[in-house]
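Please open the model in your viewer and keep the selection panel at hand. The tour goes from one selection to the next and says what is there at each stop.

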Amino acid sequence: MIDPPYRTVAVASTFSPRFLQVLAEGKRIRDRLASQLHLIYVGKRDEETTRKFSSALRQLDLPVDSTIYYHEGDPAGAILEAATANAIDLIVAGALEKEAVLRQFLGNVARRLVREATCSVMLFTKPDHHPKPLGRIVLMAEYSDHGRAALHKALRLAALEQCEKLFVIRVYTTFDEARAKARKRSAKSGNNSTRTLEEEETALEQFIDSAGQTDVPIEARCIRGNTGYAVLDFVQSVEALLLVVPVDPETFAGGLPAHVAWLT
């Protein structure tokens, strides 16, 4: 049996109205990707919180003695501190959406988790008490060891979810096209930032092939667009239920890359 890619997944909670749904999603992700399920609660431990957790854990057939980390403070800060202090590998949390100019944006807590967490983060905007199969998944390809690790994790999840299709995508911008044309005029060989669209498509196929044989149906797509909106439009067009975005915390320790900032 292949070891799961994560040791510990922690479900973040403030006992919001969707707490049970987020916990159910966390249980499903634990079963797919991790060895242990813990919880993070923003607030004090008392008889009432203990009772609520016991009830929720029993409802979802989880051990009533599951580890719970209690941290006080603002929600995002408390969750981040608890995750760091307890070496959590993956945070699962609900994410509220706010609409502005016909677009949905993540709320402040979710944005901070994405920006500041040094572990993986999985956000559910529409958690379900009976989690729906992740029929379609989109992965933004990153040509690095970190990106290849993300591809392997996505493939594992897709296989266990019996995913209908995994889309592996790259955004090809007008700036990429202009740099490629300039390179051709100077007769220099291509690199990561000066590929033609055809070269980018070839590189994407090679990236996928590097993961080895899989039964998961995969479709490679190079998407034209200049911001993360192109990714969001694509996700909606294929009705994907999960978007996977690799961000190496060592490479981007000072903040998110531009395309991820757009996505949030």
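## Rings, strands and a helix

Begin by selecting Phe167, which counts as buried because its relative accessibility is 3%, below the 20% cut-off for that label. Keep in mind that the model is a predicted one.

Now add Phe234, which is likewise buried, with a relative accessible area of 6%. The structure holds nine aromatic pairs. In the one formed by Phe167 and Phe234, the ring centres are 5.5 Å apart and the planes stand at 80 degrees, so this pair is edge-to-face. If you colour by secondary structure, you will find Phe167 in strand β9 (residues 165-172) and Phe234 in helix α8 (residues 229-237), so the pair ties together parts that are 67 residues apart in sequence.

Next, select Phe15 and Phe19, which are both buried and which form an edge-to-face pair with 5.1 Å from centre to centre and 85 degrees between the planes. Extending the selection to Tyr41, Phe53 and Tyr70 shows a cluster in which ring pairs link these residues with Phe15 and Phe19. While you are there, show Lys52 as well, since its charged end sits over the ring of Phe15, 5.1 Å from the ring centre. For another such arrangement, go to Tyr143, where the charged end of Arg170 sits over the ring at 4.0 Å from its centre.

From the rings, turn to strand β4 (residues 90-94), where four of the five residues are buried, so that the strand is largely enclosed by the rest of the structure. Strand β1 (residues 6-13) pairs with β4 in the parallel sense over three bridges, and strand β7 (residues 120-124) also runs parallel to β4, joined to it by five bridges. Select Val92 to see both connections, for it is the bridge partner of Val11 and has Met122 as its bridge partner in β7.

The last stop is helix α7 (residues 197-209), whose 13 residues reach 18 Å from the first C-alpha to the last, close to the 18 Å expected at 1.5 Å a residue. Which residues of α7 are buried? They are Leu197, Glu200, Ala203, Leu204, Phe207 and Ile208. Looking down the axis of α7, you will see that its buried residues fall within an arc of 140 degrees, so they line one face of the helix. What covers them includes α5 (145-160), β9 and β10 (218-224), whereas the face of α7 turned away from the buried side carries the exposed residues Glu198, Gln206 and Asp209.

Notes. Residues are numbered from 1 along each chain as its sequence is written. This is a predicted model: local features need pLDDT of at least 70, side-chain atom pairs count only at pLDDT 80 or more; totals for chains, interfaces and linings use all residues. Side-chain values use heavy atoms; hydrogens and water are left out. Rings of Phe, Tyr and Trp (its six-membered ring) pair if their centres lie within 6.5 Å; planes under 30 degrees apart count as stacked, over 60 as edge-to-face and the rest as tilted. Buried means under 20% relative accessible area, exposed over 50%, partly exposed in between (1.4 Å probe, protein chains only). Helices (H or I, at least four residues) and strands (E, at least two) are DSSP runs, numbered from the N terminus. A charge sits over a ring if NZ of Lys or CZ of Arg is within 6 Å of the ring centre and within 35 degrees of the ring normal. Two strands pair if DSSP finds at least two bridges between them. The expected span of a helix is 1.5 Å times one less than its number of residues. The arc is that of the directions from the helix axis to the C-beta atoms. Contact means heavy atoms within 4.5 Å.
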